[in-house]
Amino acid sequence: MVSKKDAGLAVVAAKQRLGVSWAQLAEAIGKAPAWTVAALLGQHPVPAEAAKTVAAMLDLNGETELALQAQPTRGALETAVPTDPTIYRFYEVLQVYGPAIKELIHEEFGDGIMSAINFRMDVKRVEDPAGDRVVVTLDGKFLPYQW
């Protein structure tokens, strides 16, 4: 049996071997790039037809195709504090700006949270004379607390 983690590793290896981009995979299955990457790395179950398409594009075996469709254990990182520099910077951003983000959400919307279930995300490059910028958009539905 192939685990979701092993399936994700197989996807990355095949993608590199075949020169397929995340954008090409996303377009082939009709999903947003951020969702596609998260799903293929094991954070979402991939619908059967999409898993079949990905498996065909990347020459993945049937066990890997089935693993892509399995329910994940979401949010699982290797360590409590991420050590990968790119991922750690998001952790650092939340340490520094998390309380401010929370205050701004509460001031604008009231007592509640931003959903990570009803959620969209986008990553894009913006040219800048001082060096290209990474723009990450997190777009979650507001969920008020019910008392």
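Right after helix 6 comes Gly 110, and its phi is positive, near 105°. Keep in mind as you look at this residue that the whole model is predicted.

Now step back into helix 6 itself, which covers residues 85-109. At its start, Asp 84 reaches over with a side-chain oxygen, which sits within 3.0 Å of the backbone nitrogen of Thr 86. Further along, the helix has a kink of about 60° at Tyr 97. The proline Pro 99 follows shortly after that kink.

Helix 6 also carries a charged pair. Which residue does Glu 92 form a salt bridge with? The partner is Arg 89, and the closest N and O atoms of the two are 3.8 Å apart. Why are they separated by about one helical turn? Because Glu 92 and Arg 89 are 3 residues apart in helix 6. An α-helix has 3.6 residues a turn, so residues three or four places apart point the same way. Side chains of opposite charge can pair when their charged atoms come close. In total, the structure holds 3 salt bridges.

Next, have a look at the two strands. Strand 1 runs over 112-126 and strand 2 over 133-144, and each of them supplies at least two residues of a nonpolar patch. That patch lies on the surface, takes up about 540 Å², and is made by Met 114, Phe 119, Met 121, Val 123, Val 134 and Leu 138. Which strand gives the most to it? Strand 1 does, with 4 residues. Val 123, one of the patch residues, is found in strand 1.

Zooming out, the chain has 6 helices and 2 strands. Following the sequence, you meet them in the pattern α-α-α-α-α-α-β-β. The chain is divided into domain 1, spanning 4-69, and domain 2, spanning 85-144. Their centres, taken over C-alpha atoms, are separated by 26 Å. As for the overall dimensions, the C-alpha atoms of the chain fill a box of roughly 50 × 50 × 30 Å along the principal axes.

Finally, there's a record to set beside all this. An unreviewed UniProt entry lists residues 76-147 as "domain: Cyanate lyase C-terminal". In the model, that stretch is 35% helix and 38% strand, and its end C-alpha atoms are 30 Å apart.

Notes
Residues numbered from 1 in each chain as written. Predicted model: local features only at pLDDT ≥ 70, side-chain atom pairs only at ≥ 80, totals over all residues. Heavy atoms only, no water. UniProt positions renumbered as here; feature names shortened; annotations may be inferred. Domains from an automatic or database assignment. Patch = residues over 30% accessible without salt bridge, like charges linked within 9 Å, V, L, I, M, F, W, Y side chains within 5 Å. Areas by Shrake-Rupley, 256 points an atom, 1.4 Å probe, with all protein chains shown as cover. Salt bridge = Lys/Arg side-chain N within 4 Å of Asp/Glu carboxyl O. Bend = angle between axes of the 7 residues up to and from the residue. Polar contact = N/O pair within 3.5 Å; in protein donor to acceptor, adjacent residues only side chain to side chain.
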